[in-house]
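Visitor: I am new to this one. Please show me the structure, and then let me ask about it.

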Amino acid sequence: MSLYHYYHPAQRSIFNELMRDFGRMDRQMISSGEDRTSSEIVNTDEKFAISLNVSQFKPENLKINLEGRTLTIQGDEDVKTEHGYSKKSFSRVVLLPEDVDFSAVASNLSEDGKLSIEAPKKETIQGRSIPIQQAAAIEPKSSE
């Protein structure tokens with residue numbers, strides 16, 4: 001038994017309309033520009049740095065937390081307009097490299113909403129040769 005008799009591609013189904021609407025929304029989101037909280041990570045021999053565009057958030061609604069090697073950056077903001085109420089948020093979690101100086105992690109927020117977090121790398125201890133000291137030989141006492 002063929003199902004072709006029951007399936008008419010020319011007919012519009014709710015599913016097809018829904019998928020068309022999702023496609024339209026997706027195209028609008030892509031054409032509206034980049035991710036509003038886009039990030040850039042730099043990891044060199046001298047430093048580890050991360051930059052985020054957080055211009056959509058007030059400074060008091062941003063949090064940075066460092067627990068062990070885990071750096072968490074969060075933004076959470078409530079927006080109220082004459083048309084209604086909305087909430088926007090983001091969260092970035094980054095595992096810092098082991099050679100970062102965790103006590104020197106610092107952040108800076110620019111006027112245009114660019115959040116920069118940097119940490120210098122620890123100084124690497126260079127290998128060195130360790131000389132072997134020889135103990136002076138103890139001579140047995142001779143009995144006279």
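Visitor: Leaving aside its neighbours within four places in sequence, which residues is N65 in contact with?
Guide: This is a predicted model, in which local features need pLDDT of at least 70, side-chain atom pairs count only at pLDDT 80 or more, and totals for chains, interfaces and linings use all residues. Residues are numbered from 1 along each chain as its sequence is written, and side-chain values use heavy atoms, with hydrogens and water left out. Contact means heavy atoms within 4.5 Å. Beyond four places in sequence, N65 is in contact with T70, L71 and T72.

Visitor: Where is N65 found, and is N65 buried, partly exposed or exposed?
Guide: N65 is found in strand β3. Strands are DSSP runs of E with at least two residues, helices are runs of H or I with at least four, and both are numbered from the N terminus. Buried means under 20% relative accessible area, exposed over 50%, and partly exposed in between, with a 1.4 Å probe and protein chains only. The relative accessible area of N65 is 43%, so N65 is partly exposed.

Visitor: And T72, is that residue buried or exposed?
Guide: T72 has its place in strand β4. Leaving aside neighbours within four places in sequence, T72 is in contact with K63, I64, N65, S91, R92 and V93. Its relative accessible area is 18%, so T72 is buried.

Visitor: What separates the C-alpha atoms of N65 and V93?
Guide: These two residues lie 28 residues apart along the chain. The separation of their C-alpha atoms is 9.6 Å.

Visitor: Which strands stand at the edges of the open sheet of three strands?
Guide: The order of this sheet is β3-β4-β5, with antiparallel pairing. Two strands pair if DSSP finds at least two bridges between them. At the edges, each strand has a single partner, so one side is left without a neighbour in the sheet. Those strands are β3 (62–67) and β5.

Visitor: How many bridges join β3 to β4?
Guide: The two strands run antiparallel. One pair to look for is L62 with its bridge partner in β4, G75. The number of bridges joining β3 to β4 is six.

Visitor: Over how many bridges do β4 and β5 pair?
Guide: These strands form a hairpin with two residues between them. D76 has S89 as its bridge partner in β5. The pairing is antiparallel, and the bridges number twelve.

Visitor: Which residue takes a positive phi in the hairpin of β3 and β4?
Guide: This hairpin has two residues between the strands. The positive phi is near 65°, and the residue is G68.

Visitor: What is the order of the open sheet of four strands?
Guide: Its pairing is antiparallel. β1 (39–43) and β6 (106–109) each have a single partner strand, so they stand at the edges. Within the sheet, seven bridges join β2 (residues 47–53) to β7 (residues 114–120), and I50 has I117 as its bridge partner in β7. The order is β1-β2-β7-β6.

Visitor: Which residues touch the most other members of the largest nonpolar core?
Guide: A nonpolar core is a set of buried Ala, Val, Leu, Ile, Met, Phe, Trp, Tyr and Cys residues joined through side-chain atoms within 4.5 Å. The largest one has 15 residues. The elements giving two or more residues to this core are β2, β4 (70–81), β5 (84–95) and β7. The residues that touch the most other members are I73 and F90.

Visitor: Which residues does I73 touch, not counting residues up to four places away in sequence?
Guide: Among them are K63, I64, S91 and R92. F90 is also on the list. The others are I50, L52, L115 and I117.

Visitor: What pattern does the protein follow along the sequence?
Guide: The protein has one helix and seven strands. Read along the sequence, the pattern is α-β-β-β-β-β-β-β.

Visitor: Where does pLDDT stay under 50?
Guide: pLDDT is the predictor's confidence in each residue, from 0 to 100. The mean for the protein is 80, and 69% of its residues reach 70 or more. The stretch under 50 has two contacts beyond four places in sequence in the model, and covers residues 29–35.
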